[in-house]
Amino acid sequence: MEGLAQLLPIVLLFVVFYFLLIRPQRKKQQEAVAMQNSLTVGSRVMTTTGLFGTVVGFADEDVILEVAPGVETRWVKAAIGRVVVEDQPVDDEHHTDETTDGDNVAESPETGDSSTRKS
């Protein structure tokens, strides 16, 4: 009975890891594979590296993307991160506001966050 009591925390730890880490990751991976297998010609996609393109064909397990008029590149299906919906704006985490003259101006330490201010 003591051996079971000592083994119980290890089993509980594995169960917690399974439900909090392994299972959600597996589900996310299955959804990504399903999305990649449902691609059709004409779909607008974004690769995992952030390149936007339109699917123009398939070659074996690869996808042919047109990234500019007349410019086609070959990608592994696993490199397709998501299908872009035209009605939905693209999330741009690194969006910068441009000044009126077109130049980007870096913030001075006095106007930056508290970790960069000089005392």
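## A lone lysine, a shared arginine and two nonpolar groups

Lys 77 is buried but makes no salt bridge, and the nearest side chain of opposite charge, that of Glu 61, sits 4.6 Å away. Keep in mind that this is a predicted model. Here are some exercises to work through with it.

**Exercise 1.** Work out where Lys 77 sits, what surrounds it and why it has no salt bridge.

*Solution.* Start with the chain: Lys 77 falls in the loop between β4 (71-76) and β5 (80-83). Next, look around it, skipping neighbours within four places in sequence: Lys 77 is in contact with Gln 36, Asn 37, Phe 58, Glu 61 and Val 63. Glu 61 is the nearest side chain of opposite charge, at 4.6 Å. A salt bridge needs nitrogen and carboxyl oxygen within 4 Å, so this pair doesn't qualify.

**Exercise 2.** Find the salt bridges in the whole structure and show how they are connected.

*Solution.* A general idea to begin with: side chains of opposite charge can pair when their charged atoms come close. The search of the whole structure turns up two salt bridges. Take Asp 60 and Arg 74, whose side chains meet at 3.7 Å, N to O. Asp 60 is in the loop between β2 (52-59) and β3 (62-68) while Arg 74 is in strand β4, so this pair ties together parts 14 residues apart in sequence. Now take Arg 74 and Asp 62, with a salt bridge of 2.6 Å, N to O. That pair links strand β4, home of Arg 74, to strand β3, home of Asp 62, across 12 residues. Put the shared partners together, and Asp 60, Asp 62 and Arg 74 form one network.

**Exercise 3.** Asp 60 and Asp 62: buried or exposed?

*Solution.* Check each relative accessible area. Asp 60 has 72%, so it is exposed. Asp 62 has 17%, so it counts as buried.

**Exercise 4.** Identify the residues of the largest nonpolar core, then trace the contacts of Leu 39.

*Solution.* The core has seven residues: Met 35, Leu 39, Val 45, Val 55, Val 63, Leu 65 and Ile 80. Setting aside residues up to four places away in sequence, Leu 39 touches Val 45, Phe 58, Val 63, Ile 80 and Val 83.

**Exercise 5.** Place Leu 21 in the structure and describe the surface patch it belongs to.

*Solution.* Leu 21 is in helix α1 (residues 2-37). Its relative accessible area is 49%, so Leu 21 is partly exposed. It belongs to a nonpolar surface patch whose members include Leu 7, Phe 14, Phe 17 and Ile 22. Together, the patch residues have about 1100 Å² of accessible area.

Technical notes
Residues numbered from 1 in each chain as written. Predicted model: local features only at pLDDT ≥ 70, side-chain atom pairs only at ≥ 80, totals over all residues. Heavy atoms only, no water. Helix = DSSP H or I, 4+ residues; strand = E, 2+ residues; numbered from the N terminus. Buried < 20%, exposed > 50% of the residue type's maximum accessible area, 1.4 Å probe, protein only. Lys, Arg positive; Asp, Glu negative; His and termini not counted. Contact = heavy atoms within 4.5 Å. Core = buried A, V, L, I, M, F, W, Y, C linked by side-chain atoms within 4.5 Å. Patch = residues over 30% accessible without salt bridge, like charges linked within 9 Å, V, L, I, M, F, W, Y side chains within 5 Å. Areas by Shrake-Rupley, 256 points an atom, 1.4 Å probe, with all protein chains shown as cover.
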